[in-house]
Amino acid sequence: MKTRTSNIVKLTVLAMLTAVFVIAGFADKAQAAEPKTHTYVVDKKTGIEYPTAIRIYANSHDSDSIGIYLPNANYKVSAKASSNLIAKVSRVSTITREDSFFSGRDYSEDTKYQRTAGISVFGAKEGTGSVKFTVKNEKGKTVLSKSVKVFVGYAQRVEKATFNGKEFDYNSILTKKSSGKFSVKLGKDFSLKKIEYGNYDANGNMTYKTIKNKGKVALTSVGKFTEEDYNSITEDSYYGSASGTEYDYIYPMTEIKVTVYDKKLKTVETVTYYVFRQN
Amino acid sequence: MRTRIRIQSMLIAVLALVAVITMSQPAAADYTQDQENGVSYDDTMYCTVGRCQKYAYGGDDTSYIYMTNDGDSIQNVKASSPNLIAKVVSRYYRKYKECVSDDTYDEQGNYVPAKYEIRTDYGSTYIACYAKKKGSYKVTFDVVKADGTLRCTKTIKVYTTYPVTKSPIKKVTYAGKDIYSYYPYTKVTSGKLSVTMNKGYKLKKIEILTPGKDGKTVTKAVKNNKTIKLAKTEKYTADNYSSKSEYNSLFPCTDIRITYTDKKTGEEASYYYYLYTLNRK
């Protein structure tokens with residue numbers, strides 16, 4: 001009897017563990033399938049974070065082109081560029097307060113990074129190159145050495161975007177129609193991931209709808225709405241306050257969000273267009 | 001941090017571009033402050049005919065109005081012509097619910113419930129415009145007090161084209177070539193700097209600003225047509241609240257500040273030019 005119980009327990013635990021692993025595995029796969037918006041990776045052994053690839057403009061100053069996050073304040077970074085590029089460690093920052101944080105980072109992650117380094121990369125001409133960076137510890141021993149791919153030149157995300165055949169002007173367009181066909185042609189380094197369009201309702205919430213390229217976009221007629229940030233005013237409260245922003249557009253606006261995939265960096269980006277309904 | 005870094009470098013690029021553009025154009029919009037009435041606003045707007053944009057706050061086609069008096073709001077926005085549409089496109093509000101009298105009983109012993117009031121304050125308001133035709137327009141708006149009475153009326157000028165004025169500086173050469181030809185960097189670390197002014201402007205002084213070791217800028221006045229030396233390093237340490245940073249720029253920068261006077265108005269102004277060297281170490 002005793003053994004049977006323990007067998008059941010064992011089996012149950014096994015089944016539960018299997019379920020957990022399967023779910024975790026799926027979750028992992030689902031996460032891996034979601035394209036990233038940046039190329040930063042964390043080296044598992046050292047905890048050093050760095051980008052695997054970057055884009056820079058040709059013949060233009062760019063500081064902090066490559067950011068490196070070091071979990072140890074004694075680590076030193078050096079950089080060496082391929083012959084078509086110039087690279088230099090142009091900034092080294094050390095955290096001086098325990099409770100401090102580098103802007104843009106999660107407060108919870110603060111103490112993880114004691115030091116950050118910025119490598120400036122310059123490329124006179126369009127093309128591809130690489131920058132190899134080496135991290136050494138206080139004894140001068142190499143902790144990590146990696147190569148970062150560098151794509152030099154302006155990367156055109158969108159070659160042409162039209163609404164009812166008319167090209168956008170600074171990502172915006174005016175129309176007297178209540179709907180229209182949105183068409184987009186991307187630059188050679190980019191492929192289309194998704195097109196969504198969004199309209200505000202009177203409560204200031206935007207709802208998005210996914211369409212295909214050359215698909216139909218239904219324009220909103222709502223140009224007046226309120227976006228509430230906060231509200232503690234209730235019918236039976238003695239005191240309370242509320243804040244927000246009231247909008248009353250000249251012409252109601254529909255937003256078209258185009259998600260593009262960068263074939264070189266293997267990342268996604270969003271390009272937004274605005275259609276104003278001139279009624 | 002990573003996005004911040006990208007944004008920072010992009011910002012620098014944009015600022016550099018803006019700096020170049022502003023060299024040939026006058027300041028876009030002017031900000032007027034009326035302390036007596038507690039109103040400040042952009043008194044000039046520029047908009048392109050037939051163009052509507054997502055409200056680019058701080059953009060030239062909007063006027064940002066800030067009111068300091070509680071309960072003040074903007075009303076009666078009027079355009080001088082039917083060819084211009086102008087209206088309040090957004091305003092930030094704060095509402096306060098306050099109890100103005102508690103629950104009570106009147107003389108007859110009848111229950112009188114408490115009374116509440118909701119007070120609304122509008123601090124920041126944006127007026128935007130849309131031009132159907134080219135022209136110069138005016139937009140007027142009233143600042144109205146909480147009790148509905150008029151506090152003041154203000155006017156915004158609207159143009160559909162930027163006024164083009166000639167740059168006060170005709171040409172700047174360094175080591176015999178146009179200063180712009182040295183971008184992104186130069187190996188010529190010293191050379192003759194010559195400034196030529198346009199008619200109507202007088203060159204007042206030329207200053208060379210180079211980075212010092214302590215992060216402070218070293219300013220040196222030089223005469224026109226004299227040899228200047230460019231910074232070969234830009235190395236400094238900067239402390240801030242949370243971190244200490246050591247910088248060692250790849251492109252040490254030398255600023256050239258040219259100060260001139262407008263012969264007609266006597267007004268003094270400065271323009272900046274930048275020269276970069278390359279420092280691989």
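**Figure 1. Lys264(A) and its salt-bridge partner Asp189(A) in the predicted model.** Lys264(A) is partly exposed, with a relative accessible area of 34%. In this predicted model, a salt bridge joins Lys264(A) to Asp189(A), and the closest N and O atoms are 3.6 Å apart. The two residues belong to distant parts of the chain, 75 residues apart. Asp189(A) occupies the loop between β13 (179-186) and β14 (190-200) of chain A, whereas Lys264(A) occupies the loop between β19 (253-262) and β20 (267-277) of chain A. Asp189(A) has a relative accessible area of 12% and is therefore buried, the cut-off being under 20%.

**Figure 2. The salt bridge between Lys87(B) and Asp248(A).** This pair crosses between chains. Lys87(B) is contributed by strand β6 (residues 84-101) of chain B, and Asp248(A) by strand β18 (residues 240-248) of chain A. The closest N and O atoms of the pair are 3.2 Å apart. Lys87(B) is partly exposed at 22% relative accessibility. Asp248(A), with a relative accessible area of 24%, is likewise partly exposed.

**Figure 3. The salt bridge between Asp72(B) and Arg151(B).** The closest N and O atoms of these two side chains lie 2.6 Å apart. Asp72(B) is found in the loop between β4 (62-67) and β5 (73-79) of chain B, and Arg151(B) in strand β11 (residues 150-159) of chain B, so the salt bridge ties together parts that are 79 residues apart in sequence. Asp72(B) is buried, with a relative accessibility of 0%. Its partner Arg151(B) is partly exposed, at 25%.

**Figure 4. A salt-bridge network in chain A.** Arg55(A), Lys188(A), Asp189(A), Asp262(A) and Lys264(A) are joined into one network by salt bridges that share partners. The pair Asp189(A) and Lys264(A), shown in the opening view, forms one of the salt bridges in the structure. Over all chains, a search of the whole structure finds 18 salt bridges.

**Figure 5. The polar contact between Asp64(A) and Arg91(A).** The side chains of these two residues are joined by a polar contact of 2.9 Å. Asp64(A) is placed in the loop between β3 (53-56) and β4 (66-70) of chain A. With a relative accessible area of 8%, Asp64(A) is buried.

**Figure 6. The cis peptide bond between Tyr183(B) and Pro184(B).** Most peptide bonds are trans. The bond that joins Tyr183(B) and Pro184(B) is cis, with an omega of about 5 degrees. Pro184(B) is part of the loop between β13 (177-178) and β14 (190-197) of chain B.

**Figure 7. Positive phi at Tyr170(A).** A negative phi is found in most residues other than glycine. Tyr170(A) is not a glycine, yet its phi is positive, at about 50 degrees. This residue lies in the loop between β11 (166-167) and β12 (172-175) of chain A. Tyr170(A) has a relative accessible area of 61% and is exposed, because this class begins at values over 50%.

**Figure 8. Positive phi at Asn225(B).** Asn225(B), a residue other than glycine, has a positive phi near 65 degrees. Its place is in the loop between β16 (217-222) and β17 (226-229) of chain B. Asn225(B) is partly exposed, with a relative accessible area of 41%.

Methods: Residues numbered from 1 in each chain as written. Chains lettered and ligands numbered in written order. Predicted model: local features only at pLDDT ≥ 70, side-chain atom pairs only at ≥ 80, totals over all residues. Heavy atoms only, no water. Helix = DSSP H or I, 4+ residues; strand = E, 2+ residues; numbered from the N terminus. Buried < 20%, exposed > 50% of the residue type's maximum accessible area, 1.4 Å probe, protein only. Polar contact = N/O pair within 3.5 Å; in protein donor to acceptor, adjacent residues only side chain to side chain. Salt bridge = Lys/Arg side-chain N within 4 Å of Asp/Glu carboxyl O.
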